[in-house]
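Here is a short tour of one structure, with a few helices and one chain contact to look at. Please keep the 3D view open as you read.

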Amino acid sequence: MATETPPPSKTQARLPSTEEFVAEQESAEFGELRRSYRSFAFPLTIAFTAWYLLYVLLSNYAGDFMGTKLFGNINVALALGLAQFLTTFLIAWWYSRHAAAKLDPKAEAIKSRMEGGA
Amino acid sequence: MSSVQTTLLAAGEASEHRGLIITLFSVFVAATLVITVWAGRQTKNAADFYAGGRQFTAFQNGLAVSGDYMSAASFLGIAGAIALAGYDGFLYSIGFLVAWLVALLLVAEPLRNSGRYTMGDVLAYRMRQRPVRTAAGTSTIVVSIFYLLAQMAGAGVLVSLLLGITSDGGKIGIVALVGVLMIVYVTIGGMKGTTWVQMVKAVLLIVGAILLTFLVLLKFNFNISDLLGTAADNSGKGSAFLEPGLKYGLTSTSKLDFISLGIALVLGTAGLPHILIRFYTVPTAKAARKSVNWAIGLIGAFYLMTLALGFGAAALIKPDEIIASNKAGNTAAPLLALHLGGVDSNWGAVLLASISAVAFATILAVVAGLTLASSSSFAHDIYANVIKKGQANEKEEVRAARLATVGIGAVSILLGALARDLNVAGLVALAFAVAASANLPTILYSLFWKRFNTSGALWSIYGGLITAVGLVLFSPVVSGKETSMFPDVDFHWFPLENPGIISIPVGFLLGVVGTYLSKEEPDAGKYAELEVRSLTGTGAH
């Protein structure tokens, strides 16, 4: 199906043709980048969503457990809430480390090769 | 007469407080107008207007994203909810924060790589342009208007309360003032001006929160357990105040409602158009990732501080006083400032005025972002690509965006003035639910599901949108309860206030159904372009 507007082109870098994009999409190099991204981001998304839902369900239906005092006036509910903050910070850091080490070099190599027209 | 005013009058200095608050408001407004004019002079082409020239650094954009996201609902709403309902107020903020991981892992970078100015750029990338852009534009405008309306009405309530304005004319005047300022920011300053306003606001908000947090902790010798204990005692609810259940745990319906809200918060953020367009203001996907990381750090730190503010207010102020001032607790943070400084002292007056000015700045920065998102989508998606079929030049497009800003601003002033006495707080949660039901499924399918096609995109956008809005229309948010928008009539049959638990799965499901119902084959070449481009940045703007 043809689109009514062509994709806007960039002036400074060469825009590869559709055939080049199709060839790249099917290449082993791109396949590895896609796998490296998806196998990290997808399971992790499911994991943190499940962890958040578990926390919501505990807050709703496990009042006694959540009210257990740990020390002073700090109870399980507060500790788990703060744990959500902590895991959010850690996951953001972990993903960024993965992206910098495993995704960026591959992505940059493909981009410069394709835009350079090799 | 509200209790803030009573407290102020008791201090015998109401007019001085008011003068100080107005002075600080005016200083902020004057400073932002200078920034706007300066930014306007540097706005020369469409990329400047829509995307601030794409030259902001990751840190600058991270600040601006935080400024765009932390609305009055975050600052005043969460602090107030904690002050009145204890732990359940805190639950709210966790959903708002965790949501950023969806944006970080799945949306920010691919969107930056494959889009140009709007969310519609990505949704329509490999689809038939006109129908999908119309749908994306519609959903962008609906989400932004709901959000905008809640902010405008909130501004009316808050500012009238702080300044002691009770007349209808005064409240309408404030809504109109907010509306006119946001039109000026966006038409003159474009994305550059809006970004700077949001950065200034984020700094003010964070500095204000740090100051109040420090003062609260100082009162309790930095003993958090002591702070929590005093809050629990003073609230009159004892240890239940520190446990979940006071707000959402009352009935099995309210528990279900909380699950629904939680899902909408976590999945909604990555589908909010005014947040998504911020990723176009940085040069690369890597910078977009770093800006989300900054935002997560700043927003997370801020929500941790709202814990101290909320429990601090609960510990230091009688709950009756907070409720008398505003039933939802929205003035708990300004009241806390007054009490921390000393009700009878000048220091208390200065703190109250500063925190009030910060709240006002917060509202202005958020409404500017929302107006920009909706007028950009109108001009770029609907005017340039649907009405002009892609034949409009840059100048015409930016002119259309400026005109749309004036139009959307005028509509929001009108609606905000009409809604000034309605309870519209539920609209922010509704905006998240619509974003999660209509926008997120379409974004994810477009990026990651090869088979997805135009029909699927239309089904998921319109299906999610209509389900979410329809359910709210027949929910207690609109009718049938004392807290409803229209408390005197009752046509509600949907028991929950938040539609997410139904409308989000419906949005995802309809995307699949619509895809398979159509004989249209997906455009394999365009998907190859989109996929390679979204992951590598090849050909990105």
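The notes below take up a helix pair, a single helix and then the contact between chains.

## A helix pair in chain B

Bear in mind that this is a predicted model. In chain B, helix α11 (residues 252-268) packs against helix α18 (residues 426-448) at an angle of about 60 degrees, and their axes are 8 Å apart. That angle makes α11(B) oblique to α18(B), and the crossing of the two is left-handed.

If you would like to select the residues involved, α11(B) contributes L261(B), A264(B), L265(B), L267(B) and G268(B) to the contact. From α18(B) come A429(B), F432(B), A433(B), A435(B), A436(B) and L440(B). Sorted by class, this contact of α11(B) with α18(B) has 10 nonpolar residues, one polar residue and no charged ones.

## Helix α13 of chain B

How far apart are the end C-alpha atoms of α13(B)? They are 46 Å apart, which agrees with the 46 Å that the 32 residues of this helix (residues 285-316) should span at 1.5 Å a residue. Helix α13(B) is also mostly covered, with 27 of its 32 residues buried.

## Where chain A meets chain B

The contact between the chains draws 51 residues from chain A and 52 residues from chain B. On the chain A side, α1 (18-26), α2 (28-61), α3 (63-66), β2 (74-75) and α4 (76-116) each supply at least two residues. Of these, α4(A) gives the most, with 18 residues.

By class, the side of chain A that touches chain B has 27 nonpolar, 17 polar and seven charged residues.

Terms used
Residues are numbered from 1 along each chain as its sequence is written. Chains are lettered from A and ligands numbered from 1 in the order in which they are written. This is a predicted model: local features need pLDDT of at least 70, side-chain atom pairs count only at pLDDT 80 or more; totals for chains, interfaces and linings use all residues. Axes are lines fitted to C-alpha atoms, for helices over the stretch in contact, and angles run from 0 to 180 degrees between N-to-C directions. Helices (H or I, at least four residues) and strands (E, at least two) are DSSP runs, numbered from the N terminus. Angles under 35 degrees count as roughly parallel, over 145 as roughly antiparallel, 65 to 115 as roughly perpendicular and the rest as oblique. A crossing is left-handed if the near helix is turned anticlockwise from the far one by less than a right angle, and right-handed if clockwise. Two residues are in contact if their C-beta atoms, placed from the backbone, lie within 7 Å. Ala, Val, Leu, Ile, Met, Phe, Trp, Tyr, Cys and Pro count as nonpolar, Asp, Glu, Lys and Arg as charged, and the others, Gly among them, as polar. The expected span of a helix is 1.5 Å times one less than its number of residues. A residue is buried if 20 or more other C-beta atoms lie within 10 Å of its own, exposed if 12 or fewer, and partly exposed in between; C-beta atoms are placed from the backbone.
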